[in-house]
Amino acid sequence: MSDLVLLERRGAVALLTLNRPDVLNALDAATLTALAARSGEIARDASVRAVVVTGAGRAFAAGADIAAMRVLNPAEAEAFSRLGHAALASLEALAVPTIAAVNGFALGGGCELALACDWIYASSKARFGQPEVNLGLLPGFGGTSRMVRRVGIAWASELVLAGEPIDAETAQRIGLANRVFEPDALLDGALAIGEKIASKGPVAVAHAKRVMQEGQDADLRTAHALEQKAFGLVFASDDRSEGMDAFLAKRAAAFQGT
């Protein structure tokens, strides 16, 4: 497996680390392919209960690889965009929660990678932005769609159309980042919430994540129907029996993910 994206296990949490620190973890085709492969590896491992994504060195990911993109023709550029979308979709589609631990620059494709995670924890030194218009481009890995859904059309428009970065405090204020940590505490904070998730019922977590993802693009009636269906489905799980029995017996639940 490529060392462009490292995969480590921290208990029930998988830690994905973009590993091109010499170029601020820029997302070239090889790195995107490696990210998709790592996501597939995680999807096949039922013992993983949460995922943390971060970057090696002083950046989360400072965008796509501009030098590699400079020589693309329109058809090649569209294909590169499709590759980026597919890689990020493979991460977004994981049944387990994903947390971006943004330790530095998250610009362009890096910001789009963070947006593909369920939520974002940020270092106080983090910087977020979609600066593509400064290069005569626009976001190509989902920034125009996920950003709107995350922060609303007004802030998404400012970030995408003005192309100016924001700091971690502003990112938290507008709802882009959930929490801000001191740099040395960021990874521990992200891993800690991953471990907390791992103690919950995996079947329920997976269904709840799916219902929220599908429901956000549906009308309210449809979203409610998705929830009702999932609520019924979890009652067929061993986890549901274990969780409720443990609660009534006043003991910790031992979930198996079945």
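No disulfides turn up in this predicted model: the count comes to 0, a disulfide being a pair of cysteine sulfur atoms within 2.5 Å. Take Cys111, which is in no disulfide. The sulfur of Cys117 is the nearest cysteine sulfur to that of Cys111, yet 11 Å lies between them, too far for a bond. Both residues are buried, Cys111 at 1% relative accessibility and Cys117 at 3%. Here buried means under 20% relative accessible area, exposed means over 50%, and partly exposed is in between, using a 1.4 Å probe and protein chains only.

A word on how to read the model. Residues are numbered from 1 along each chain as its sequence is written, and side-chain values use heavy atoms, with hydrogens and water left out. Because this is a predicted model, local features need pLDDT of at least 70 and side-chain atom pairs count only at pLDDT 80 or more, while totals for chains, interfaces and linings use all residues.

Let us turn to the aromatic rings. Rings of Phe, Tyr and Trp (its six-membered ring) pair if their centres lie within 6.5 Å; planes under 30 degrees apart count as stacked, over 60 as edge-to-face and the rest as tilted. By this rule there are 3 aromatic pairs. One of them joins Phe80 and Phe141 edge-to-face, with 5.4 Å from centre to centre and 70° between the planes. This pair links distant parts of the chain, since Phe80 belongs to helix α3 (residues 74–92) and Phe141 to the loop between β8 and α5, 61 residues apart. Helices (H or I, at least four residues) and strands (E, at least two) are DSSP runs, numbered from the N terminus. Phe80 is buried at 12% relative accessible area, and Phe141 is buried too, at 4%. Another pair, Tyr121 with Phe181, is tilted: the centres are 5.1 Å apart and the planes make 50°. Here strand β7 (residues 119–123) supplies Tyr121 and strand β10 (residues 179–181) supplies Phe181, 60 residues apart.

Phe141 also leads us to Arg146, a residue of helix α5. Apart from neighbours within four places in sequence, Arg146 is in contact (heavy atoms within 4.5 Å) with Phe141 and others, including Leu88, Glu92 and Leu115. Arg146 counts as buried, at 13% relative accessibility.

Next come the charged side chains. A salt bridge is a side-chain nitrogen of Lys or Arg within 4 Å of a carboxyl oxygen of Asp or Glu, and the whole structure holds 11 of them. In helix α1 (residues 29–43), Arg38 and Glu41 sit 3 residues apart, about one turn of the helix, and their side chains meet in a salt bridge of 3.1 Å, N to O. Arg38 is buried at 9%, whereas Glu41 is partly exposed at 29%. Lys209 and Asp118 also form a salt bridge, at 3.0 Å from N to O. That pair spans 91 residues, from Lys209 in helix α9 (residues 202–215) to Asp118 in the loop between α4 (109–115) and β7. Arg20, Asp28 and Asp65 are linked in a network of salt bridges.

Our last stop is strand β4 (residues 59–62), home to Ala61. Ala61 is buried, with a relative accessible area of 0%. Although 40 residues separate Ala61 and Pro21 in sequence, their C-alpha atoms are 8.8 Å apart in space.
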